[in-house]
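Visitor: I would like a guided tour of this structure. I will keep asking how each label is earned.
Guide: Good. Look at the picture, then ask.

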Amino acid sequence: MSERAASVTPTEEQHDDQTTTDADESGDDGAASSDAETTPTPVTTGAESVIRALENAGVEYAFGVQGGAIMPVYDALYDSDIYHITMAHEQGASHAADAYGIVSGEPGVCLATSGPGATNLVTGIADADMDSDPMIALTGQVPTEFVGNDAFQETDTIGVTTPVTKDNTFSTDPDRVGTDVSEAFALAGEGRPGPTLVDLPKDVTNGETDREPDGPRVPDTYEVQERADAEIVAAAAERVENAARPIMLLGGGVIKGEASEACRAFATEHEIPVVTTMPGIGSFPEDHELAMEMAGMHGTGFANMAVTHCDTMIAVGTRFDDRLTGGIETFAPDAEIIHVDIDPAEISKNIHADYPLVGDAATVVDQLGEAVDASPEAKKWRAQCQQWKSDYSMAYDAPEDEPVRPEFIVEALDEATSDRAVVTTGVGQHQMWACQYWTYTEPRTWVSSHGLGTMGYGLPAAIGARVAAADDQEVVCIDGDGSFLMTLQGLSVAVRENLDITVVVLNNEYIGMVRQWQDAFFEGRHSASDYGWMPEFDKLAEAFGAQGFRIDDYDDVADAVTEALAYDGPSVIDAHIDPQANVYPMVPSGGDNGQFALTEDQL
Amino acid sequence: MKRGLEGPPPEERPTPAGRRNKQGIRIDPEIEATHDPRRTVISVLVEHEPGVLAEASGLFSRRQFNIESLTVGPTTADDRARITLVVEEPDPGIDQIKKQLRKLVPVISVRELASDAMRRELALVKVDAERPDQVAAVADMYDAKTVDSSPETATFEITGARQKIDAAIETFGQFGIREISRTGTTALARGTDETAGRDPATAVSSADAANQSHEYTQTPTDD
Ligand SMILES: Cc1ncc(C[n+]2csc(CCOP(=O)(O)OP(=O)(O)O)c2C)c(N)n1
């Protein structure tokens, strides 16, 4: 990634019309922007106001694809310090912006033109919505007078995206459009984060205005409760003190809410075992003695035993997705549940909360910490948890003369990278192995499509993650052959921008997760899951200008991993793994978490 | 050769005796914790902007909540509209509806109305007028206003609670109903009680509180 100057921080005065009007009007004063203190040139069009709103919000990067209806915005972007990364497909732009938001904590920005541009963004928007990731999408739209007439490249973007955005706005006024963008930006990151969208008709962005946008501020109707009700906190604290079998269940909200520190402090002070959901991976160090790792469908056996047998569950920032809970009837059936969430609608949506604590995760966990006077007496329980950890350890065998086990490759990559390395994935078996066999210790290092389960997420997410991550953080995409094939055109972007990412395709020539289910539940009838026509990904990478590597047996692993990580730019390892490898443990859909299968014949 | 993970198989593992019901509530053998559906009126004050009705109604279809009726109209403020919804759901569902509506950005406030709230709907009923005297007598009985009449038909306007309108339609049925058109329910709270004033994002909703104490309120179905 090329070094870029820190973005210009606009001064307060620019909101003042008086100050901006007396700025010099000579259009050729390009050098002025080198001085961060200089008042920026006043806006003259809606499009400039859109870009100014992004600059005011501190946006440094945007991901997108050009097109007719969005052209005025791109024209304004031409003069901006915002670094735009042109993607090969809009789906990539929305995934990259999503991943940028996850890794940086600031809303990622994506742009697309009207019609097909906007609809191509939708998968990534829906993905961000399911995972509560902060993101803002700006879509071009046909001029207002054509809206509703089925004009060229017209889509009802507002209609299409309403169910998959936190909020969306159709802009109607050049004087107001910048403020619409400011609000959308603020809203994306505030409270429970999510994607917001602003639809920008071409006449509005082309329209004249001298109105500077207001600063990023959420609309008045949007209110977020920070602190939980003190009485319920006190009751919950008492429950914790009296617990015999307590666990903490940490969800994605812990990471979005920057509550990892608070949760770690609480768990270690009171010696409470910690389970995470898939989006919660990284919120608690998996190498800690109290860590029980991920629970749910492909969670560890010990995590699922702990969830099933606990009597008190402190659940933070989770929506109790069915992949976590399995059948509702058998989910933590003995446990009283303390549920911390910033979104009141999550409380008792799927699992009834005995102690509903609405508020900011970090604040509420601290509140709870202050209210708990004595740690629960749970020595026996902790011993039981440790016993389960050894009973159901995540071991596998890897005989030299057999095809390479995917778990081995995941572990090799983990060992070769730092604790802060960022992992992105596609969706399928490889994603589960990446959860199970990589030891995550830091928040914002696990970037995956949890709620929507979007194949093709891995590579564009790696691009967004690379841009957001620090230089010394490696970015590794663990992908499946089927998933990689869906968005691999993004390699052209990675090559053009010289992004240092390592893609490892766990190539089983199947869409493996489907094959696994077919073997288990459809009598081995491999309908449309056999992908025996896969290209050679290492050569394909080279055709794109990236570096290619190949793994055929165990002897290749160490070298391929070392060289690919060392390569300064995008590299792709085509890792041919045991095509029959399956993911276990497994709780079948709607099953009892405690009854996870360790082999196929236990299903 | 052994493949896969180790550990006791499912049948050798301990299983807790407890269970939850479909609503995720732990089953307390002492208390039958199932919630029957009840009919209730929810009033929603929203910013009067394009798309807000689609957003609210889209939420209902997406989340599989059943709307019995939905009406919308302006308020005293130009930039505000009121949506009145009648829903029939168990308590946890009603609770979710309120919370989900509250999440929509253009929504200003959401209130479930008390059972004594004033609820009205309007119906237009077009009947065969072969027996005009008898038709007029029935109309009188229900305070129905004649809005149109022809040699063959008479059309009445009836306002009132849902049951009254149902009853009127049933009685008119003897003459032969050609067409009916009904609005949904609109409603306001009684007295100085505000129908949908500003309320903060409530920490514990009524249903959450009820869940906790296992007390469920049954509201009368209508006026
Ligand atoms: C866009 C999309 N289409 C279909 C699916 C359904 N699906 C889930 S996992 C899976 C197989 C993924 O195969 P691959 O990427 O090769 O990974 P593997 O399971 O082999 O590791 C499929 C098809 C999906 N999740 N996303």
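Visitor: How is chain A divided into domains?
Guide: This is a predicted model. The domain assignment splits chain A into domain 1 (40–206), domain 2 (230–391) and domain 3 (406–584). The C-alpha centres of domain 1 of chain A and domain 2 of chain A are 37 Å apart.

Visitor: Which residue counts describe the contact of domain 1 of chain A with domain 2 of chain A?
Guide: Seven residues of domain 1 of chain A are in contact with five residues of domain 2 of chain A. The two domains bury about 560 Å² between them, with carbon and sulfur atoms giving 50%. On the domain 1 side of chain A, Met130(A), Asp131(A) and Arg192(A) lose the most area to domain 2 of chain A. Together they make up 63% of what that side buries.

Visitor: Why is the pair Asp343(A) and Arg192(A) called a salt bridge?
Guide: The closest N and O atoms of Asp343(A) and Arg192(A) are 2.8 Å apart. The cut-off is 4 Å, between a side-chain nitrogen of Lys or Arg and a carboxyl oxygen of Asp or Glu. The pair is Arg with Asp at 2.8 Å, so the label holds. Between domain 1 of chain A and domain 2 of chain A the count is three salt bridges. The rule also finds four residue pairs in polar contact across that interface. The side of domain 1 of chain A that touches domain 2 of chain A has two nonpolar, two polar and three charged residues.

Visitor: What makes Arg239(A) and Glu336(A) a salt bridge?
Guide: Their side chains meet at 3.7 Å, N to O. That value is within 4 Å, and the pair is Arg with Glu, so Arg239(A) and Glu336(A) qualify. This pair links distant parts of the chain, 97 residues apart. Arg239(A) sits in helix α9 (residues 230–241) of chain A, and Glu336(A) in strand β11 (residues 336–341) of chain A. Over all chains the count comes to 40 salt bridges.

Visitor: Where does the record place a named domain in chain A?
Guide: An unreviewed UniProt entry carries the annotation "domain: Thiamine pyrophosphate enzyme N-terminal TPP-binding" for residues 45–157 of chain A. That span is 43% helix and 18% strand, and its end C-alpha atoms lie 23 Å apart.

Visitor: On to chain B. What are its domains?
Guide: Chain B has domain 1 (34–112) and domain 2 (118–186). Their C-alpha centres lie 29 Å apart. Six residues of domain 1 of chain B are in contact with five residues of domain 2 of chain B. The two domains bury about 490 Å² between them, 53% of it on carbon and sulfur atoms. Arg39(B), Val41(B) and Thr71(B) lose the most area on the domain 1 side of chain B, together 64% of what that side buries.

Visitor: How many salt bridges and polar contacts join domain 1 of chain B and domain 2 of chain B?
Guide: The salt-bridge count between them is zero. Two residue pairs are in polar contact. β1 (38–47), β2 (67–74) and β3 (80–89) of chain B each supply at least two residues of the domain 1 side. By class, that side has two nonpolar, three polar and one charged residues.

Visitor: What does the record say about residues 41–115 of chain B?
Guide: The UniProt annotation there is "domain: ACT", from an unreviewed entry. The span is 32% helix and 41% strand, with end C-alpha atoms 8 Å apart.

Visitor: How many residues does each chain bring to the contact of chain B and chain A?
Guide: Chain B brings 45 residues and chain A brings 59. The chains bury about 4,300 Å² between them, 50% of it on carbon and sulfur atoms. Leu5(B), Arg20(B) and Val105(B) supply 19% of the area that chain B buries against chain A, more than any other three residues.

Visitor: How do you know that Glu223(A) and Arg102(B) form a salt bridge?
Guide: Their closest N and O atoms are 3.8 Å apart. The limit is 4 Å, and this is Glu with Arg, so the pair counts. Between chain B and chain A there are five salt bridges and 19 residue pairs in polar contact.

Visitor: Which element gives the most to the side of chain B that touches chain A?
Guide: α2(B), with five residues. By class, this side of chain B has 16 nonpolar, 12 polar and 17 charged residues.

Definitions and conventions
Residues numbered from 1 in each chain as written. Chains lettered and ligands numbered in written order. Predicted model: local features only at pLDDT ≥ 70, side-chain atom pairs only at ≥ 80, totals over all residues. Heavy atoms only, no water. Domains from an automatic or database assignment. Contact = heavy atoms within 4.5 Å. Buried area = accessible area lost by both parts, 1.4 Å probe. Polar contact = N/O pair within 3.5 Å; in protein donor to acceptor, adjacent residues only side chain to side chain. Helix = DSSP H or I, 4+ residues; strand = E, 2+ residues; numbered from the N terminus. Nonpolar A, V, L, I, M, F, W, Y, C, P; charged D, E, K, R; others polar. UniProt positions renumbered as here; feature names shortened; annotations may be inferred.
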